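Colleague: I am new to reading protein models and would love a close look at a single part of this one. Could you pick a helix, walk me through it, and then show me how its surroundings fit into the rest of the chain?

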Amino acid sequence: MISMRSDLCTLLLLGAQGVVSLFPDCSNGPLKSNVICDTSATPINRAKGLVALYSLEEKINATGSSSPGVPRLGIPPYQWWSEGLHGIAGPFTNFSDSGDYNHSTSFPQPITMGAAFDDQLITDVATVISTEARAFNNANRTGLDFWTPNINPFRDPRWGRGQETPGEDPYHLSSYVHALIAGLQGDASEPYKRVVATCKHFAGYDIESWNGNFRYQFDAQISQQDLVEYYLPSFQSCARDSNVGAFMCSYNAVNGVPTCADPYLLQTILREHWGWTNEEQWVTSDCDAIQNVYLPHQWSSTREGAVADSLIAGTDVNCGTYMPDHLPGAFAQGLVNETVLDQALVRQYSSLVRLGWFDAPETQPYRQLDFSAVATEASQQLAYKAAVEGIVLLKNDGVLPLSLDASSSIGLFGDWANATENLLGNYAGIPTYLHSPLWAAQQLNITVNYAQGPGGQGDPTTGSWLSIWPAADASDVIIYIGGIDNSVESEGMDRVSLAWTGAQLDVIGQLAGLGKPMVVVQMGGGQIDSSPIVQNPNISALLWGGYPGQDGGVALIDIIRGAATPAGRLPLTQYPAAYINDVPMTDMSLRPGLNNPGRTYKWYNGSAIFEFGSGLHYTNFSASVTTNLSQSYDISSLMSTCNSSSEKYLDRCAFTSSPLEVEVTNTGNTTSDYVTLAFLSGSFGPQPYPKKALVAYQRVFSVAGGSSSTARLNLTLGSLARVDENGNKVLYPGDYSLLIDNQPLTYVNFTLTGQQAVLDQWPQPSANRTGKGVSGFENYFVGGFGSDQSPLGTS
Ligand SMILES: O=[N+]([O-])c1ccc(O[C@@H]2O[C@@H](CO)[C@H](O)[C@H]2O)cc1
């Protein structure tokens, strides 16, 4: 459960009335001869012209996410907060009760789409989301700024919001988010952006509630090495490589400073080091994160201090009302000046200029879109395809695919067998339809025996499962679809167990005891320890489906019956259930250490139940690297080639002059996709060495039995680099192996020689990262998080 916070509650109530969004009228309104309406001027000059007309009060009012507009100038209210995680959604997106605009396309959760390892799919999905967003916006039903994607890496398996991310690997996240932003925002050279995407939550946010630590208060202690190597690459991809329009700073602090008040993160790293200097780009706070700068972080000593510190640090929009409420006091106290406020507003309005907010609708293709562009046949098929591509086959003794005909009788059991809303996961809008596995099976000409149970995530008594046994007796094949859902992993709620519930294991065990062919489908975003299923010889097959979206049931049943073939790969590690006893959630370090067996496939020193990248097919593949890589490379000549290339950032410079080619051969009979995952391992750079690191991937499609396809992988100098303790990205001499993740593994060895070379010199934070503190609030947590009042009601 999200704790409802005072001013946000008000906001949400206002939002229930719908998005009151008109566009400024540049042809007849009061601004028509202001530069804001001059389409030949630059976005920044247009925005400056507008902001110059605002009074201080009007400027301050415009800092909240529900911006009231300026009626005297014909500036309508604007709602900055829309969500679009896997389809348009959010508290301010207004679906109608019936008729047009009563639904949109709901795609799988990112954790499932991440498993597809298909960047083109992600661009296509994001293009549909931005198209549908525009149609809804034209009907005043949503905004133009979408607070998606969530690209904090899924570091700890307990994290309740890991489902919102593409997984645990920073390279994968970086590539995924680049593809996503292209689809959401469109081509940067176009006159208008489709919508603005927002990379969140910057940075180090991946704890909801663990052992007395809460997202609003947590101070993540992260080494510079882990920050650069693990927590920031996806954000760098957004800012430096994908030209994203917006960032969101997070609730937590990093190394002592709440992120929304941290000039090191927001200015030195984001804007200066990553060159995110375009004035159209702005930072919003997470919802009420600025309040948290005061309490519970106690970084600023007053509310006025918190808004001033955040604005000065580089937070331009405040989700909530804290800035509009407390900036007047901050100005009165001389804590902030108007130049900083103007800068925030110019960023906001030049972004709206790029969205065409001020321009005549006739000139803009996106302003012509209506409900006929929503939930089209092609979008529905894409939602299905995304689900199919993300489903992962983890065990198969040959029973799958089932060949079903009119004489087949299947038993469908488990909480997810008739899942509808569960298919979506969190941050969902209203889907076009919800096709459960049961519904999908019932569309086939077979007998389906369905019975509910065990029921919920608790451990109900076996009495409630009685209907299962006659249904199972009547079936030739048993399919159990269960696992976890948003009742145990969600916003505000981290998991307390990585095991299947006792009730589910009990019923699965009893069903397996019937000795019939049996398939288990593990659902949910976080992984659960499926070793009891893997080890049970009576269970023939195991699939993972995550949250597969509106057509997820059809996708699952189609894979089970062979109408579609599985080729997804786990985008995260499946740890043993005991992992949560081995490491506190608050330990942010990746490498193994005291009370930490290491995190993710790179560093975990125990035995995973399933490794990152696991995934079987209904056929077999071999892979061979056909580009000749096995040689020795001199670091200084690699560097001088890159230094004289047009690439501004050395880590993006290509390692090989043309993409590395991998020939993928289907050595079996069944046509199937194949995800080529390329990892690097070896002895180079600082110790300890990671077990391996993903450096490239490509999905190849519909490879027929006996034939081959070529995967082309772009390797950069950055993919060979390691990060030193100061966060510098360095190319080191040493022995390298490129591994193509396949059975058997394909290796290519090569060496780098000469002196190490720095690809990216990391700016260091200043030594002083201590806040001002708030006296009298030492026991603030006792009072909870709902407001910035002290537990005693004084402030
Ligand atoms: O009080 N509320 O209404 C409320 C609603 C949502 C909420 O979560 C935050 O809002 C989302 C904004 O995009 C961020 O991803 C999430 O961390 C936090 C608080």
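Modeller: Let's start with helix α7, where Gln224, Gln225, Asp226, Leu227, Val228, Glu229, Tyr230 and Tyr231 are buried. The helix runs over residues 224-231, and eight of its eight residues are buried, so α7 is mostly covered. Please keep in mind that you are looking at a predicted model. To read the word "buried" here, you need one cut-off: a residue is called buried when its relative accessible area is under 20%. A general point about helices helps too: an α-helix has 3.6 residues a turn, so residues three or four places apart point the same way.

Now pick out Glu229, one of the buried residues of α7, and use it as a stepping stone. Glu229 is among the residues touched by Trp603. Which helix holds Trp603? The tryptophan sits in helix α21, which covers residues 600-603. Trp603 has a relative accessible area of 5%, and therefore it is buried.

Look around Trp603 and you will find several other partners. Leaving aside residues up to four places away in sequence, Trp603 touches Leu590, Arg591, Pro592, Pro597 and Gly598, among others. Its contacts also include Pro688, Tyr689, Pro690 and Arg722. Take Pro690 as an example of how the fold brings parts of the chain together: 87 residues separate Trp603 and Pro690 in sequence, yet their C-alpha atoms are 5.6 Å apart in space.

Pro688, one of the residues that Trp603 touches, has a feature of its own. The peptide bond joining Gln687 and Pro688 is cis, with omega at about 0°. You can find Pro688 in the loop between β21 (672-684) and β22 (693-703). Another cis peptide bond joins Leu295 and Pro296, with omega at about 10°. Pro296 is in the loop between α10 (289-294) and α11 (303-313).

There is also a record to set beside this region. UniProt, in an unreviewed entry, places the feature "domain: Fibronectin type III-like" at residues 674-744. Over residues 674-744, the model is 6% helix and 56% strand. The C-alpha atoms at the two ends of that stretch are 15 Å apart.

Let's go back towards α21 and look at the loop between α20 (579-582) and α21, where Asn595 is found. Is Asn595 buried or exposed? Asn595 has a relative accessibility of 55%, so it counts as exposed. Its phi is near 55°, a positive value in a residue other than glycine. Tyr427 is a non-glycine residue with a positive phi as well, near 50°. That tyrosine is in the loop between β13 (409-413) and α15 (437-442). With a relative accessibility of 22%, Tyr427 counts as partly exposed.

Two more buried residues are worth a visit. Leu180 is in helix α6, residues 170-185. Its relative accessible area is 7%, so Leu180 is buried. Beyond residues up to four places away in sequence, Leu180 touches Ile122, Ala126 and Pro149. From Leu180 to Val520 there are 340 residues along the chain, and their C-alpha atoms are separated by 32 Å.

The other is Tyr251, in the loop between β8 (246-249) and β9 (253-254). A relative accessibility of 4% means that Tyr251 counts as buried. Tyr251 and Tyr732 are 481 residues apart along the chain, and 36 Å separates their C-alpha atoms.

Finally, step back to the whole chain. There are 23 helices and 28 strands in it, and 63% of its 795 residues count as buried. The C-alpha trace spans about 75 × 65 × 60 Å along its principal axes. A compact globule of 795 residues would have a radius of gyration near 28 Å, and the chain has 26 Å, which agrees. Contacts tell you about the fold as well: among those between residues at least 6 apart in sequence, 77% join residues at least 24 apart.

As for the outside, the accessible surface comes to about 26700 Å², and 50% of it belongs to carbon and sulfur atoms. The chain has 40 positive and 73 negative charges, and the mean positions of these two sets are 4 Å apart.

Key
Residues numbered from 1 in each chain as written. Predicted model: local features only at pLDDT ≥ 70, side-chain atom pairs only at ≥ 80, totals over all residues. Heavy atoms only, no water. Helix = DSSP H or I, 4+ residues; strand = E, 2+ residues; numbered from the N terminus. Rg over C-alpha atoms; globule rule 2.2 N^0.38 Å. Buried < 20%, exposed > 50% of the residue type's maximum accessible area, 1.4 Å probe, protein only. Contact = heavy atoms within 4.5 Å. Areas by Shrake-Rupley, 256 points an atom, 1.4 Å probe, with all protein chains shown as cover. Lys, Arg positive; Asp, Glu negative; His and termini not counted. Charge placed at Lys NZ, Arg CZ, Asp CG, Glu CD. UniProt positions renumbered as here; feature names shortened; annotations may be inferred.
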